[in-house]
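Here are my notes on the model, set out as numbered points. Please read them beside the sequence and the coordinates.

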Protein chains: 2
Amino acid sequence: MKNNLFTIGRLSKQTGCVVQTIRYYERIGLLPEPDRSPRGHRLYNEDILNRLKFILRTRQLGFNIKERRQFLELVDGGNYTCQKIRQKTLLHTQEIKRKIKDLKKMERELLRMTDKCNDGNGTDCSILATLFQN
Amino acid sequence: MKNNLFTIGRLSKQTGCVVQTIRYYERIGLLPEPDRSPRGHRLYNEDILNRLKFILRTRQLGFNIKERRQFLELVDGGNYTCQKIRQKTLLHTQEIKRKIKDLKKMERELLRMTDKCNDGNGTDCSILATLFQN
DNA sequence: CATACATGCTATAGTAACTATAGTTACAAG
DNA sequence: CTTGTAACTATAGTTACTATAGCATGTATG
C-alpha cells in the first residue's frame with residue numbers, strides 16, 4: 001500500500017488542486033520534489049498527498065503562504081507546542097475579524113448610499129453626490 | 001481662485017494618497033496628465049483634486065480599479081442614469097456581502113478549532129489533528 | 001500507418017493594485 | 001559647500017496563483 005505512486009493529474013483530482021498550483025507549491029518549497037518516472041513525470045505518494053491536503057485546508061481557512069509555510073515548518077521540525085499552534089490560529093482569527101469589520105463598514109456605507117438614492121433615470125444621483133462631496 | 005495650482009506633494013497631503021499612487025493613477029488613465037511647471041513638475045488644480053478624492057472614496061468602498069474607472073467614465077461621458085449607478089453599487093454590495101459570508105465561515109471554523117484545543121505545551125494538538133485529518 | 005488526443009514537462013509572462021527602489025535634477029538653508 | 005527636501009523617470013517587487021507557448025510521449029481511432 002505504501003508504494004502506491006501516482007501522477008500529478010491524480011493528485012490534482014484527489015485534492016481538487018489544479019496541476020499548476022501543485023507545481024507552484026513545489027517550486028516555492030511547500031511541497032517536496034517528488035520522485036520522477038523514467039519519462040520525467042512526477043510521482044507522488046500518500047505522504048505528499050496528505051501534506052497537500054493540509055496546505056489546502058490552511059488555505060481554505062485564509063492563511064497566507066507565509067503562514068502555511070510556518071505551520072509546515074513547525075510540524076516538520078517537531079518543535080512546536082499546542083500553545084504555539086493555538087496562538088497562531090488565534091492571531092489569524094483576529095485578522096479575519098478585522099477584515100469582516102472593515103467589509104461591514106463598507107457595506108453599511110454602501111447601503112446608506114443606495115437607500116438615499118431615488119433610482120430614477122435622470123442624472124441627478126445622490127450616490128454620485130455623496131462620492132463627489134468635498 | 002480657479003488658477004490655484006499645486007504640486008503633487010500638496011495633492012498627496014490634501015488627499016492622504018501617497019505620491020506614487022497618484023502617479024500610478026495617472027499612468028493608468030484614472031487621472032489626466034496635468035500641466036507641468038518649467039522644471040517638469042506636475043501642477044494640479046481643484047478639478048483633479050476632486051477627481052482624486054472621488055477615486056479614493058470609491059477605493060475606500062472596496063471598488064476595484066476597473067469599477068472605479070467605469071464610474072469615472074460614466075460621469076465623464078455624462079451618459080449615466082441614477083439607476084445605472086445604483087445598480088452598480090448594489091452589485092458591488094452583493095460582492096461585499098459574499099466576502100463577509102466567506103470570512104465568517106472561516107472565522108467559525110477557526111473558532112471551532114481553537115475551542116477544542118487544550119492549549120497545552122505538548123505536541124498533542126487538536127488543531128493540527130483537524131488540519132491533518134483525511 | 002498516420003493522426004488526434006490526453007497528459008506530462010519547462011520556462012516564462014500575466015494578473016491586481018499598488019509600493020519601493022535606483023539614479024537624477026533643482027532649489028533653499030546653514 | 002554640503003545637506004535636506006521634493007520633484008522626476010524607469011523599473012522591479014509584492015501575493016498567490018493562473019495561463020501560455022512549445023515540446024515529448026503514450027494511447028486510441030480511422
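1. Helices (H or I, at least four residues) and strands (E, at least two) are taken as DSSP runs and are numbered from the N terminus. The surface near DNA strand C draws at least two residues from each of three helices, namely α1 (8-15) of chain A together with α2 (19-27) and α4 (65-77) of chain B, where a residue is near a molecule or strand if one of its heavy atoms lies within 4 Å of it. For the surface near DNA strand D, the helices that each supply at least two residues are α2 (19-27) and α4 (65-77) of chain A and α1 (8-15) of chain B.

2. On conventions, this is a predicted model in which local features need pLDDT of at least 70 and side-chain atom pairs count only at pLDDT 80 or more, whereas totals for chains, interfaces and linings use all residues. Residues are numbered from 1 along each chain as its sequence is written, chains are lettered from A and ligands numbered from 1 in the order in which they are written, and side-chain values use heavy atoms, with hydrogens and water left out.

3. Around DNA strand C there are 18 residues, of which A:Gly9, A:Arg23, A:Arg42, B:Asn64 and B:Arg68 come nearest. Of the atoms of this strand that come within 4 Å of the protein, 83% belong to sugar and phosphate. The helix that gives the most to this surface is α2(B), with four residues. By class, the surface near DNA strand C holds five nonpolar, seven polar and six charged residues; here Ala, Val, Leu, Ile, Met, Phe, Trp, Tyr, Cys and Pro count as nonpolar, Asp, Glu, Lys and Arg as charged, and the others, Gly among them, as polar.

4. Several polar contacts (pairs of N or O atoms within 3.5 Å) reach phosphate oxygens of DNA strand C. A backbone N or O atom of A:Arg42 lies 2.8 Å from one such oxygen, while a side-chain N or O atom of B:Thr21 is 3.1 Å from a phosphate oxygen of the strand. For B:Tyr25, a polar side-chain atom is placed 3.0 Å from a phosphate oxygen of DNA strand C.

5. DNA strand D is likewise surrounded by 18 residues, and the closest are A:Asn64, A:Arg68, B:Thr7, B:Arg23 and B:Arg42. Sugar and phosphate make up 81% of the atoms of DNA strand D that come within 4 Å of the protein. The largest share of this surface, four residues, comes from α2(A). In the polar contacts, a phosphate oxygen of DNA strand D is 2.9 Å from a side-chain N or O atom of B:Thr7, and a polar side-chain atom of A:Thr21 lies 3.1 Å from a phosphate oxygen. The side chain of A:Arg39 has an N or O atom 3.4 Å from a sugar or linking oxygen of DNA strand D.

6. What surrounds A:Leu30? This residue sits in the loop between α2 and β1 (35-36) of chain A, and it counts as buried because its relative accessibility is 0%, buried meaning under 20% relative accessible area, exposed over 50% and partly exposed in between (1.4 Å probe, protein chains only). Apart from neighbours within four places in sequence, A:Leu30 is in contact (heavy atoms within 4.5 Å) with A:Tyr25, A:Arg51, A:Ile55, A:Ile65, A:Arg69 and A:Leu72.

7. Side chains of opposite charge can pair when their charged atoms come close. Over all chains the count comes to 10 salt bridges, a salt bridge being a side-chain nitrogen of Lys or Arg within 4 Å of a carboxyl oxygen of Asp or Glu. The side chains of A:Glu26 and A:Arg42 meet in one of these, at 2.7 Å from N to O. This pair links distant parts of the chain, with A:Glu26 in helix α2 of chain A and A:Arg42 in strand β2 (residues 42-43) of chain A, 16 residues apart. Both A:Glu26 and A:Arg42 are buried.

8. Another salt bridge joins A:Lys97 to B:Glu107, whose closest N and O atoms are 2.8 Å apart. The pair crosses between chains, from helix α5 (residues 82-116) of chain A to helix α5 (residues 82-116) of chain B. A:Lys97 is partly exposed, with a relative accessible area of 33%, whereas B:Glu107 counts as buried at 15% relative accessibility.

Conventions. A polar contact is a pair of N or O atoms within 3.5 Å; within protein, one must be able to donate a hydrogen and the other to accept it, and residues adjacent in sequence count only if both atoms are side-chain atoms.
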